[in-house]
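User: I am new to this structure and would like a close look at a single part of it. Please take me through that part and then through what lies around it.

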Amino acid sequence: GRGEEPAGGSKGSSTAASFERAATAEPKGQKLETSEAKIDFAFKVAGPREGRKVAALIVGTDKGQAMVLKAHLTKLKLSTETVGTGSEALDKIGEKPFDIVLCASEVASGMTGLELVREIRRREKLIRGGGGGQMPVIAIVSVKTKDDPELQSSFSANFCKPFDRTVIDSTIQSLLAASEPPPAAAGAGAAAPKRAATAPAPAAAATGGG
């Protein structure tokens with residue numbers, strides 16, 4: 001009869017409701033509010049550096065660039081590890097803490113450098129509860145992308161190819177000084193060890209020659 005809803009009406013309403021939910025749902029990959037997000041990942045936060053080597057992670061660079069960076073970081077007394085993709089980097093950071101990350105802005109496969117640094121920041125915020133410092137993440141960029149405003153605002157600094165070793169040295173030392181974790185709690189009645197004055201944070205981007 002006329003009072004009955006056509007057979008397709010219920011399906012149409014259901015489809016419309018589905019589209020409405022999809023339109024209002026948060027886009028995939030967007031950061032969830034901290035109160036609603038589930039921490040379903042591992043993220044190791046580096047502690048005090050006294051008595052240990054500073055740990056660096058190189059992500060997504062080609063073999064030649066990785067060798068150059070690793071050799072220079074070793075001269076700076078940093079321990080280094082290298083991975084090929086952003087997902088591998090997140091897995092590695094879940095296994096052990098790193099003090100600094102150097103990431104190609106254009107990773108060959110998987111997530112881009114921008115996607116990786118944003119995911120690192122999202123996880124840091126959830127783990128730290130919105131407090132604490134950030135692990136420096138440096139972009140490895142080409143001449144054509146070194147002035148990209150999105151890269152400059154997302155990364156702690158950038159290194160432009162060909163690398164300027166003086167710039168690498170000064171930028172890494174400055175970023176590490178600015179992100180130095182607080183010293184471990186001193187024993188009862190013992191004074192906390194003195195620390196060198198923290199260097200001022202560098203500019204949003206530091207580029208090498210060429």
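Analyst: Ile58 stands opposite Leu102, which belongs to strand β3. The two strands concerned, β1 and β3, pair in the parallel sense over 4 bridges (strands pair if DSSP finds at least two bridges between them). Helices (H or I, at least four residues) and strands (E, at least two) are DSSP runs numbered from the N terminus. This is a predicted model, in which local features need pLDDT of at least 70 and side-chain atom pairs pLDDT 80 or more, while totals for chains, interfaces and linings use all residues. Residues are numbered from 1 along each chain as its sequence is written, and side-chain values use heavy atoms, leaving out hydrogens and water.

The β1 and β3 pair is part of an open sheet of 5 strands, with parallel pairing and the order β2-β1-β3-β4-β5. At the edges stand β2 and β5 (157-160), each with a single partner strand, so one side of each has no neighbour in the sheet. On average, and ignoring direction, neighbouring strands of this sheet are turned by 20° against each other. Helix α3 packs on the sheet and touches β1, β2 and β3, its direction making about 160° with that of β1. Helix α6 also packs on the sheet, touching β1, β2, β3, β4 (137-141) and β5, and its direction makes about 165° with that of β5. Contact means heavy atoms within 4.5 Å; axes are lines fitted to C-alpha atoms, for helices over the stretch in contact, with angles from 0 to 180 degrees between N-to-C directions.

From the sheet, the view moves to charged side chains. Just before β3 (100-104), in the loop that follows α3, lies Asp99. Asp99 is buried, with a relative accessible area of 3% (buried is under 20%, exposed over 50%, partly exposed in between, with a 1.4 Å probe and protein chains only). Setting aside neighbours within four places in sequence, the residues in contact with Asp99 include Val54, Ala55, Met135, Pro136 and Leu176.

A network of salt bridges links Asp99 with Arg49, Arg52 and Glu180 (a salt bridge is a side-chain nitrogen of Lys or Arg within 4 Å of a carboxyl oxygen of Asp or Glu). Within that network, Glu180 forms a salt bridge with Arg49, and their closest N and O atoms are 2.9 Å apart. Glu180 lies in the segment after α6 (165-178) and Arg49 in the loop between α1 (7-24) and β1 (54-59), so this pair ties together parts that are 131 residues apart in sequence. Arg49 is buried at a relative accessible area of 9%, whereas Glu180 is partly exposed at 29%.

The structure holds 10 salt bridges, and another of them involves edge strand β2. Here Lys92 forms a salt bridge with Glu81, with 3.2 Å between the closest N and O atoms. Lys92 is in helix α3 (residues 86-95) and Glu81 in strand β2 (residues 78-83), so-called distant parts of the chain, 11 residues apart. Glu81 is partly exposed, its relative accessible area being 22%.

Helix α4 has a salt bridge too, between Glu124 and Arg121, whose closest N and O atoms are 2.9 Å apart. Both residues sit in α4 (residues 113-128), 3 residues apart, so about one helical turn separates them. Glu124 and Arg121 are buried. Arg123 has its place in α4 as well and counts as buried at 14% relative accessibility. Apart from neighbours within four places in sequence, Arg123 is in contact with Phe41, Ala42, Phe43 and Leu90.
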